[in-house]
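Okay, thanks for coming, everyone. I'll put the structure up and then talk through it piece by piece.

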Amino acid sequence: MKNSWWKILAVAILTYTVFWGILGKVPRQPILNESIRNVYFHVPLWFGMTTLLLTSAIFSIRYLRSGLADHDRIAVEFANTGIVFGLLGCATGSVWANFTWGEPWPNDPKLNGAAVAMLLYFAYLILRGSFDDEQRRARISAVYNIFAFAVFVPLIFILPRLTDSLHPGNGGNPAFGQYDMNSQMRMVFYPAVIGFTLLGVWITELRVRLSRIRAVVEE
Amino acid sequence: MAESVRQLGALMRKEFLLEWRQRYALNGMLLYIVGAVFVCYLSFSARRGLLTPIVWNTLFWIILLFTAINAIAKSFVQERAGRLLYYYTLASPQQIILSKILYNIVLMLALAGLGFVVYAFVLGNPVQDVLLYLLSLALGAIGFAASLTLIAGIASKAENSATLMAVLSFPIVLPLLLMLLRVSKNAIDGLDRSVSWDEIGIVLAIDAIVLALSWMLFPFLWRS
């Protein structure tokens, strides 16, 4: 019980997010209308994904320094969860774009950057799949993971800000926080970010434990 | 310091000698880019100046990208494992990756230069600011060489390295490629050079990041 308080917290926050996200009052904005509620889901998923991928890169660095197989295991599971969050982020963003921009996947630098980021991490998984020797796989994929994260950052956070983009917070557009969100929305949005991140860590923890057990069983 | 520069020089000299003695690989790359340009020329059955500048530019960079991937993929598979092991006892891994990157930069500069001349010859040359275009080619050669050399090292350790090389490198070089496309498009349109400084700055920043990472990560790679 002592160690699971954060899981309870995650469940509580996400329940609160879902209920208040759907029932709570939101400001009426032109074009956005009710779809502004997606801010509670789409944006926290991307925040969560970035955190998970950063953690994955950190564990890859730790693996290269320590050589412990466990660090590699944690790194790959964080990357896996990050990919799931990224796909969900793409899906929610796509629904949102359909209603506000008129098409599910407009040709926009931010969206394409996100798609390339997904390719980057799929390539990471394929790279892992092509080794038989475990130590070799761990070391080489750790190298690629660090390299991939270093490319991921400019791809998502720097390049879209330089070009014209529909996406809020890019290409000279204001981010959502500045004009559209009132304090009532913030009361849901910030907890949602924490809640989704905790959920991601929780999923990762379960997968890491599963893979540890598998490793022991195989031995 | 002087010692390590001397070693670096020796390694570079080895790379050039190796290439010179196995000329078929070098000639193969040269023929590859000329052939690719010619295939594009015939496929579009384009008379000079028929392609719009955007298509002209994009096509050239894509040819260059594939040439780069093919040329750099062989940096680590050319030599047998035993011989690589021997180098590692002689020099530090940083020197080896640096010599490979420098060598690949020279190779890419040569390929890009040749490609540009042939491409402009058969498909016409709409570039108004040739100096800036050549600068973007040089930056591209450096960036491709820097980012793809480490990827080639990674891919050469795996079993089906040819596919892996392509899969791993496409997303990695994409930010670089997009920036280069923009700089070279500015050069074609003959825009004022001050417009391109931002992009050039970013290309240089990406190059610096990639070089630094290759320098730091390669020692871990060769140990396996």
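Let's start in chain B, with residues 24-44: that stretch is 95% helix and 0% strand, and its end C-alpha atoms are 29 Å apart. When I say helix or strand, I'm talking about DSSP runs, H or I of at least four residues for helices and E of at least two for strands, numbered from the N terminus.

Some housekeeping: this is a predicted model, where local features need pLDDT of at least 70 and side-chain atom pairs count only at pLDDT 80 or more, while totals for chains, interfaces and linings use all residues. Residues are numbered from 1 along each chain as its sequence is written, and chains are lettered from A and ligands numbered from 1 in the order in which they are written.

Back to chain B. UniProt, in an unreviewed entry, lists "transmembrane region" at residues 24-44, 50-73, 101-124, 130-155, 162-180 and 200-222. Those positions are in the numbering used here, feature names are shortened, and annotations may be inferred rather than shown by experiment. Residues 200-222 of chain B come out as 100% helix and 0% strand, with 32 Å between the end C-alpha atoms.

Now chain A. It has 7 helices and 0 strands. For this chain, the unreviewed UniProt entry gives "transmembrane region" at residues 40-64, 76-99, 111-131, 143-163 and 183-204. Residues 40-64 of chain A are 92% helix and 0% strand, and their end C-alpha atoms lie 37 Å apart. For residues 76-99 of chain A, it's 100% helix, 0% strand and 35 Å end to end between C-alpha atoms.

What about overall shape? The C-alpha trace of chain A spans about 60 × 45 × 25 Å along its principal axes. Of its 219 residues, 39% count as buried, meaning 20 or more other C-beta atoms, placed from the backbone, within 10 Å of a residue's own (12 or fewer is exposed, in between is partly exposed).

So how do the two chains meet? The contact takes 22 residues from chain A and 23 from chain B, where contact means C-beta atoms, placed from the backbone, within 7 Å. On the chain A side, the elements giving two or more residues are α4 (109-129) and α5 (134-162). α5 of chain A gives the most, with 13 residues. That side of chain A divides into 19 nonpolar, 1 polar and 2 charged residues. Here Ala, Val, Leu, Ile, Met, Phe, Trp, Tyr, Cys and Pro count as nonpolar, Asp, Glu, Lys and Arg as charged, and the others, Gly among them, as polar.

Definitions and conventions: Two residues are in contact if their C-beta atoms, placed from the backbone, lie within 7 Å.
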